[in-house]
Amino acid sequence: MSIYEKLAEELSLDRMYENMTYLVDEVGERLSGSPQMRKATEFICGKLKEYGVEAHIDHFPMYQSYPKEATLTLLAPEKKEIPARPVCHIKSTSAEGLSGELVYLGSGAYEDYDGKDVTGKIVLTDMNWSPGRPEKARIAWEMGAKALIIMNWGKAEDGLIQMGAVKAQWGNPTPDTEKDIVDLTVISISRADGEYLAGLCEKGEVSVHLTAEATREWITADQPIGRVYGGKSSGQYVLVGSHVDAWGKSAICNASGNALNLELARLFQKHKDELNRDVVFVFWDGHEIAEGGGSAWYADNYWKDMNENCLAYINIDNLAIKGTTIPGVEGQPELKDYLTDAIKEIWGQEGEWHRAYKGGGDSSFFGVGVPYCSFATEYTEEKLVELNYAFYSPWLHSDSDTIDKLDRDLLLGHGKYFAYIIEGMVNADRVLYDLKALADDTREQWSQIKVLSGRGADLISELGETVEEYAKALEALWDLRNQEGFAEEYDRLALLCERQTAMLRCYSGRYGQDSCCALQTENPIPALAHALAKYNRAEEGSHEYYLWETQILRVKHMVYDAMYYSKELIQRGILKTK
């Protein structure tokens, strides 16, 4: 019997439900810094130790926000009180509140603002992605709105008000990034009330009055971590994470993920002597309100170990939602075949592939150069339309997120999938990055950049040669992956090249953190695409024009360096095989 077969056979749904029930029914809502969060993290750490895993809780300062009260009153064309809740990390109003004209702008993306001046007005948007909640707020703030109201997704009859945060700035702020925290009043309302207001906006002028209050403060975070040491390990590891902090009853988001994470830790600890690498299990704090606070802190404080030894980050969240039927995986191109083949193996169908972008999911490791992957079953398109694109379920972040919303059989399938991909990564003979896929992706991103370059084409043209040399070097290394006597050198070079991929995935580069749900990270070579777009929109010869011209050149150097030094490392490594 293979190691995976042992893991799958021993996977215990009863144990998962027991741990999940404790988190949902005995602990309940778990906001960072609260006694409930502390109770949950102590329970998780205790379970890790009970299973024999070497574990502790990291405590650290984290920038947090707590919701207080909000009100919303329709002033015209009629008078009506509407239930509302404040979003976290907002600009609180005075006791008198604020009033203004209400403008409905659909999803609240940039294109929804075309031809509309919202300066000093109050914007109403849907919850549905894209953009995500923090990006909706950042765009509204940039466009000069006075406040933002977000209606829930799901069905109008559900009557639920979703909680959340709008701190687009990721993790703990620095002196440079504190300015990126949105300084805007934001509240949440139900889908029914949102549709009612949107309907009024279509008929004529609407005015509203609102108040909202939420704190901004430093708290002490509590983050359990356990490491399973493989019996044959040299120190390399796979990082597996699930967030503990949670809104509402928290079954789907994310007691189910924590329960599965604990069960995986138990199983891998039991079979540790058969593992070629380690597995690190982390239970994140600050996912919901601090926007990746705990995982960003992990990147900052475990950087050396991550940089030298971490092969991949696997995120576990929003599992086994009743009514979902399509297995879907999100990741980077160099892991695509591995992750999608695993769907075929475990689920017996093709599944869906999604390119991973910096957003939710504690994706704090793009800068380090650690590939990200997550997995969960998804709704059909027909079901999404019915639910107003509530792809994380209509019960997200509410007291309706209870255990009965989970599908037991689906949860078992999730457990088997995660066990399969983790065991495969841990025990693979070679690091599993498909360097040819990375080469193809790099060429494709460069091709898209050339289309977007406009009048900046000459500024970046010399990069074309570097891109092709880099891609060919990756392919040459890939072709040598099975060469006798080259295994150790191959793994080292593949890992070093992966560490230099930030330019393909991040706007903020290797050492920064892109903002939460930032649309710019979905662009090819994000920092270069952004600079080119700004340059091409600027008036030729203007002050802004020359600022962005300089920015293009400096970003170009960053991209060149990452590719050039990767190519040089590969070429020198290959020489050792001659």
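The paragraphs below go through helices, aromatic rings, cavities and some backbone details of this predicted model.

We start with helix H7, which spans residues 293-301. Seven of its nine residues are buried, so the helix is largely enclosed by the rest of the structure. The buried residues are Gly293, Gly294, Ser295, Ala296, Trp297, Tyr298 and Ala299. What lies over them? The cover includes strand E1 (54-64), strands E10, E11 and E12, and helix H8. Two of the buried residues of H7, Trp297 and Tyr298, also belong to a cluster of aromatic rings linked by ring pairs. The other members of this cluster are Phe60, Trp284, Tyr302, Tyr313, Phe365, Phe366 and Tyr372.

Further along the chain is helix H14, residues 463-479. This helix has 17 residues and reaches 25 Å from its first C-alpha to its last. That is close to the 24 Å expected at 1.5 Å a residue. Which residues of H14 are buried? They are Leu463, Thr466, Val467, Tyr470, Ala471, Ala473, Leu474, Glu475, Leu477 and Trp478. To read such a list, it helps to know how a helix turns. An α-helix has 3.6 residues a turn, so residues three or four places apart point the same way. The buried residues of H14 pack against several other helices: H12 (435-452), H13 (457-460), H15 (487-498), H16 (502-505), H17 (526-537) and H18 (543-575). Trp478, one of the buried residues of H14, has a further contact to look for. The charged end of Arg481 sits over the ring of Trp478, 3.7 Å from the ring centre. A second arrangement of this kind involves Lys405, which lies over the face of Trp395 at 5.4 Å from the ring centre.

Next come rings that pair with other rings. A pair of aromatic rings is described by the distance of the centres and the angle of the planes. How many aromatic pairs does the structure hold? There are 25. One of them is formed by Phe268 and Phe281, with centres 6.4 Å apart and 45 degrees between the planes, which makes the pair tilted. Phe268 is in helix H6 (residues 251-270) and Phe281 is in strand E12 (residues 278-284), so the pair links distant parts of the chain, 13 residues apart. Are these two rings' residues buried or exposed? Phe268 counts as buried because its relative accessibility is 0%, and Phe281 is buried too, with a relative accessible area of 0%.

Trp303 and Tyr511 form another tilted pair, at 5.6 Å centre to centre and 35 degrees between the planes. Trp303 lies in helix H8 (residues 303-309), whereas Tyr511 is in the loop between H16 and H17. The two are 208 residues apart in sequence, so this pair ties together separate parts of the chain. Trp303 has 24% relative accessibility and therefore counts as partly exposed. Tyr511 is exposed, with a relative accessible area of 67%.

The structure also contains enclosed empty space. A search of the whole structure finds two cavities of 30 Å³ or more. The largest has a volume of about 60 Å³. Its lining is made up of Arg277, Leu311, Ala312, Leu335, Met425, Ala428, Arg430, Val431, Leu432 and Tyr433.

Some details of the backbone remain. The peptide bond from Ala76 to Pro77 is cis, with omega near 15 degrees. Pro77 is placed in the loop between strand E2 (67-76) and strand E3 (80-82). Another cis peptide bond joins Cys253 and Asn254, with omega about 15 degrees. Asn254 lies in helix H6.

Ser250 is in the loop between E11 and H6. Its phi is near 75 degrees, a positive value in a residue other than glycine. With 0% relative accessibility, Ser250 counts as buried. Ser393 is also not a glycine, yet has a positive phi of about 90 degrees. This serine lies in the loop between helix H10 (381-386) and helix H11 (408-427), and at 1% relative accessibility it counts as buried.

A last serine, Ser234, is found in the loop between strand E10 (217-228) and strand E11 (237-243). Ser234 is exposed, with a relative accessible area of 68%. The C-alpha atoms of Ser234 and Gln551 are separated by 42 Å, and the two residues are 317 residues apart along the chain.

Methods
Residues numbered from 1 in each chain as written. Predicted model: local features only at pLDDT ≥ 70, side-chain atom pairs only at ≥ 80, totals over all residues. Heavy atoms only, no water. Helix = DSSP H or I, 4+ residues; strand = E, 2+ residues; numbered from the N terminus. Expected span 1.5 Å × (residues − 1). Buried < 20%, exposed > 50% of the residue type's maximum accessible area, 1.4 Å probe, protein only. Contact = heavy atoms within 4.5 Å. Phe/Tyr/Trp six-rings, centres within 6.5 Å; stacked < 30°, edge-to-face > 60°. Lys NZ or Arg CZ within 6 Å of the ring centre and 35° of its normal. 1 Å grid on protein atoms, 1.4 Å probe; cavity = no way out; pocket = protein on both sides within 12 Å on 5 of 7 lines; lining within 4 Å. Points joined across faces, edges and corners; volume = space filled by probe spheres on them.
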